[in-house]
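Hi everyone, thanks for coming. I'd like to take a few minutes to walk through the pockets of one protein, and then some backbone details.

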Amino acid sequence: MDLHLEFAAGEGRRDGLERALRDAVRDGRLAPGVSLPATRRLAEELGVSRGTVKAAYDQLVAEGYLTARQGAGTQVAALPSVDAEPPGAHARARVPRFDLRPGSPDVGTFPADAWLRALRRAVATAPSAAYDYGDPRGRIELRTALSDYLGRARGVLAPPERIVITSGYVQALSLVTRVLDGASIAMEDPGLPFHREVVRRAGGQVVPVGVDERGARVEELSDRHEVSAVVVTPAHQYPIGVTLHPERRRALTDWARARDGLIVEDDYDGEFRYDRQPVGALQGMAPGQVVYVGTASKTLGPALRLGWMVLPPHLVDAVADAKLHSDFHTETIGQLALAELITSHAYDRHVRACRLRYRRRRDRLVELLGARRTVRGIAAGLHALVEVSDEAEILARAGEAGLAVGHLGEHWHEPGVAAPAGRTQGLVVGYGTPREPVFEEALAVLGRVLEGR
């Protein structure tokens, strides 16, 4: 290994070497367990005698900074921190025993074998130019594959030249907000607070628009003349779980055409519809007014950091330029692998298998709670809303039982567990997150928490 060791002017060689090694261990540049070079090799690299290096090593072994064992060489010792806590204490504090929070799929279902096959084929056939800087819109292979897939599976009009690949939904939302340059953007209330913060940090002004049993209350936009864009989750509203009613779909697209406004469609779990065929994307009704955003986060896994936007023609160049000056382009190899996964239809097979698995989980949740609780939003997605009378009390019991669960109070534009009169209270239960072996036990704990046992 190569070592970067700095010697101060006027230091003796042995003293300087001891001090440089000691500083490297203290500040973490030399991590615990790292093997140091042999004395002869380090002496040659530093231009000092082997005896100087051996003496420095011996001194630091005596001080506890290094360890030396016959046959194992010299290694960096693990130093205790002044304010050290028991091993794993922080992790235990953050990781619940049972996790029914919404937002993530069961990452244990990631199709590792299919992904590896796709990756091998993609790398084997990729041109050398694929390893260079690329188009900020993304690889044409993936944009072409998505054009076909989104058209047949989600009803999206998606020519490859109007698709921009992103590092997930958050980047897509941020890029659109930046292009709108300080616009007032309506967002569903309740909705995900993190997404509201993304809009604010990208320079947008957030305006709440209410949600009821028919989805976003589009009529509220008529008096908000400052609003030039609206972000909606029409297939499966987050977190209420309703589908945007057809009349409101038409009203929303009419609003966008009349105001020259923009609709950002977050299709975060559109593939997972259980009681009938998936509801087609809103974008197909008004491709000139809708920015369609989808990702692989729920179907494959958030770690891939792959998302996509289908843009109206007049926004493509501006968004591509914003992408260029954000991170130049999304990493290439994953794009090629996903393109291969889609064109081979392995992606479709994986989505169908996941849909069946999550439907079974949904059915178990409804079986457990449906007779005793109002459970909403169960027709699709990876979460359901379980109505309760007192969120604070239920959350306290859940914490004592080691159960983590979302709650509606944190999603309002004016959040709080103590809900004002008339505001719905409920638990947002994600049934995608737990691994299969613990899912049944997590549901049993949820049932006992809700019953007060």
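I'll go from the pockets to the cavity, and then to a few loops. Please keep in mind that this is a predicted model.

Let's start with the largest pocket, which has a volume of about 560 Å³. Its lining is made up of 26 residues, and those closest to the centre are Leu 192, His 195, Asp 266, Tyr 268 and Lys 298. If you want to find the pocket by its secondary structure, look for α7 (169–180), β5 (184–189), α8 (193–201) and β8 (227–232), the elements that each give two or more residues to the lining. By class, that lining splits into eleven nonpolar, nine polar and six charged residues.

Now move over to the second largest pocket, with about 300 Å³ of space. Here 17 residues form the lining, and Glu 271, Pro 278, Val 351, Arg 352 and Arg 355 lie nearest the centre. Two elements, α6 (140–154) and α12 (346–369), give two or more residues to this lining. Which of the elements supplies the largest share? That is α12, with six residues. As for the classes, we have nine charged residues in this lining, along with six nonpolar and two polar.

What about enclosed space? Searching the whole structure for cavities of 30 Å³ or more turns up one, and its volume is about 30 Å³. Around this cavity you'll find Glu 188, Gly 215, Ala 216, Val 232, Thr 233, Pro 234, Gln 237, Val 242 and Leu 244. Five of these lining residues are nonpolar, three are polar and one is charged.

On to the backbone, with a quick reminder before the examples. Most peptide bonds are trans, and most residues other than glycine have a negative phi.

So where are the cis bonds I'd like to show you? One runs from Asp 189 to Pro 190, with omega near 10 degrees. Pro 190 sits in the loop between β5 and α8, and β5 and α8 are both among the elements we met at the largest pocket. Another cis bond links Tyr 238 to Pro 239, again with omega near 10 degrees. You can find Pro 239 in the loop between β8 and α9 (246–259).

For positive phi, have a look at Phe 328, which is not a glycine and yet has a phi of about 75 degrees. Phe 328 is in the loop between α10 (316–327) and α11 (332–343). Is Phe 328 buried or exposed? Neither label fits, because its relative accessibility is 34%, which counts as partly exposed.

Arg 305 also has a positive phi, near 50 degrees, and this residue belongs to the loop between β10 and β11. With a relative accessible area of 36%, Arg 305 is partly exposed.

Let's stay in that loop, between β10 (290–295) and β11 (307–310), for one more residue, Leu 304. Why does Leu 304 count as buried? Because its relative accessible area is 19%, and the cut-off for buried is under 20%. Setting aside neighbours within four places in sequence, Leu 304 is in contact with Phe 110 and Trp 115. Compare Gly 294, ten residues away from Leu 304 in sequence: the two C-alpha atoms are 13 Å apart.

That's my tour. I'm happy to go back to any of these places if you'd like another look.

Key:
Residues are numbered from 1 along each chain as its sequence is written. This is a predicted model: local features need pLDDT of at least 70, side-chain atom pairs count only at pLDDT 80 or more; totals for chains, interfaces and linings use all residues. Side-chain values use heavy atoms; hydrogens and water are left out. On a 1 Å grid over the protein atoms alone, a cavity is a set of points where a 1.4 Å probe fits but cannot get out, and a pocket is an open set with protein on both sides within 12 Å along at least five of seven lines; lining residues have an atom within 4 Å of a point. Grid points are joined across faces, edges and corners, and a volume is the space filled by probe spheres set on the points. Ala, Val, Leu, Ile, Met, Phe, Trp, Tyr, Cys and Pro count as nonpolar, Asp, Glu, Lys and Arg as charged, and the others, Gly among them, as polar. Helices (H or I, at least four residues) and strands (E, at least two) are DSSP runs, numbered from the N terminus. Buried means under 20% relative accessible area, exposed over 50%, partly exposed in between (1.4 Å probe, protein chains only). Contact means heavy atoms within 4.5 Å.
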